[in-house]
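Please open the model in your viewer and keep the sequence panel beside it. The tour below proceeds by selections, and each stop says what to pick and what is found there.

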Amino acid sequence: MRICAVALVGLIALTGCGKKKGGSHDGGLGGFVSGGSGGNDNPASGPTDLPSGMPTDLPSGAPSGVPSYDAPTPSYTYSAPATYNSDGTNDITATGCDYDESTRSFQYTLNLRNPETQSMHYSITIEWEDQNGGSLLGSDYKSVTVASGSSQTLNATSYRTLTEQTSFTCKVTSALKYPSST
C-alpha cells in the first residue's frame, strides 16, 4: 500500500496535478492546461533544456554522389482561333428568281464561295415574298459545308400553286456560317 502511495505522489509531481500557480486550478484531473479558459498560465515558449551543439538549419544542396535531375520545362504554344465573319450573306450570289408552272415551284439558284482560311458550315434561309402585299409565298432552308476557298451551287425550291398572276421577290434572309468540325 505504501508503494502505491509513493507511486501516486510521484505521478502527481510529474504531471503537475495538484499544483496551484498564481491563480485558481481548473479542477480537472490532468496536468495539462488548455488555452483560453481560466488560469493565468503563460503558454510554453519551447523546450529549454536541449543539448547544446544541435544543428539548427537544414543542409543545402544534394549530398555528393547523388545524381541531379533537371525536369524538362514544358513548352506551350497558344494560337488564337482564326477569326471569321459569321454573316455569310456576302459569300452568296443568287440568280434565277423564277416560278416554274409545270412543277408549281419557286426556284432560286445560289452560288456560294467560302473566302475563309478554313472549312465553313453555312445555314441559309431563302424566302419568296409577294411584291404587292409583302406576304410570304414560300421558303427553303439549306445547310452545307464548303471547303476553304471553294465554291458550291445550291438550288433553292419551294412548292406552291399560284392561281393568279403574282409579282414576287426572292431573297436570302439569313446565312449564318461557322467553322466546320470536319
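Among contacts in the protein chain between residues at least 6 apart in sequence, what percentage join residues at least 24 apart? The share is 63%, where a contact means heavy atoms within 4.5 Å.

Before selecting anything, please note that this is a predicted model, in which local features need pLDDT of at least 70 and side-chain atom pairs count only at pLDDT 80 or more, while totals for chains, interfaces and linings use all residues. Residues are numbered from 1 along each chain as its sequence is written, and side-chain values use heavy atoms, with hydrogens and water left out.

**The whole chain**

Colour the protein chain by secondary structure: one helix and six strands appear, in the order α-β-β-β-β-β-β along the sequence. These elements are DSSP runs numbered from the N terminus, helices being H or I with at least four residues and strands being E with at least two. Of the 182 residues in the chain, 19% are buried, and the term buried stands for under 20% relative accessible area, with exposed over 50% and partly exposed in between (1.4 Å probe, protein chains only).

**Strands 1, 2 and 5**

Select strand 1 and strand 2 next; they run antiparallel and are joined by seven bridges, strands being counted as paired if DSSP finds at least two bridges between them. Within this pair, T93 stands opposite N111 of strand 2. The two strands form a hairpin with four residues between them, and R104, which lies in the turn, has a positive phi of about 50°. Adding strand 5 (residues 151-159) to the selection shows an antiparallel partner of strand 2, connected to strand 2 by nine bridges, and here T109 stands opposite N155.

**The salt bridges**

Now show side chains, since the structure holds four salt bridges, each defined as a side-chain nitrogen of Lys or Arg within 4 Å of a carboxyl oxygen of Asp or Glu. Begin with D91 and K177, whose side chains meet in such a bridge at 2.7 Å, N to O. This pair links distant parts of the chain, 86 residues apart, with D91 in the loop between helix 1 (2-15) and strand 1 (92-100) and K177 in strand 6 (residues 168-179). D91 counts as buried because its relative accessibility is 11%, and K177 counts as buried because its value is 2%.

Keep K177 selected and add E116: their side chains also form a salt bridge, again with 2.7 Å from N to O. E116 sits in the loop between strand 2 (105-113) and strand 3 (120-130), 61 residues from K177, and E116 is buried as well.

Move then to D140 and K142, a salt bridge in which the closest N and O atoms are 3.6 Å apart. D140 is buried, with a relative accessible area of 16%, whereas K142 is partly exposed at 22%. Returning to the earlier selection, salt bridges that share partners join D91, E116 and K177 into one network.

**The second largest pocket**

For the last stop, select Y99, E101, R104, T161, L162, T163, E164, Q165, T166 and F168, which line the second largest pocket. The volume of this pocket is about 160 Å³. R104, also found in the hairpin turn, is one of these lining residues. By residue class, the lining divides into three nonpolar, four polar and three charged residues.

Conventions. 1 Å grid on protein atoms, 1.4 Å probe; cavity = no way out; pocket = protein on both sides within 12 Å on 5 of 7 lines; lining within 4 Å. Points joined across faces, edges and corners; volume = space filled by probe spheres on them. Nonpolar A, V, L, I, M, F, W, Y, C, P; charged D, E, K, R; others polar.
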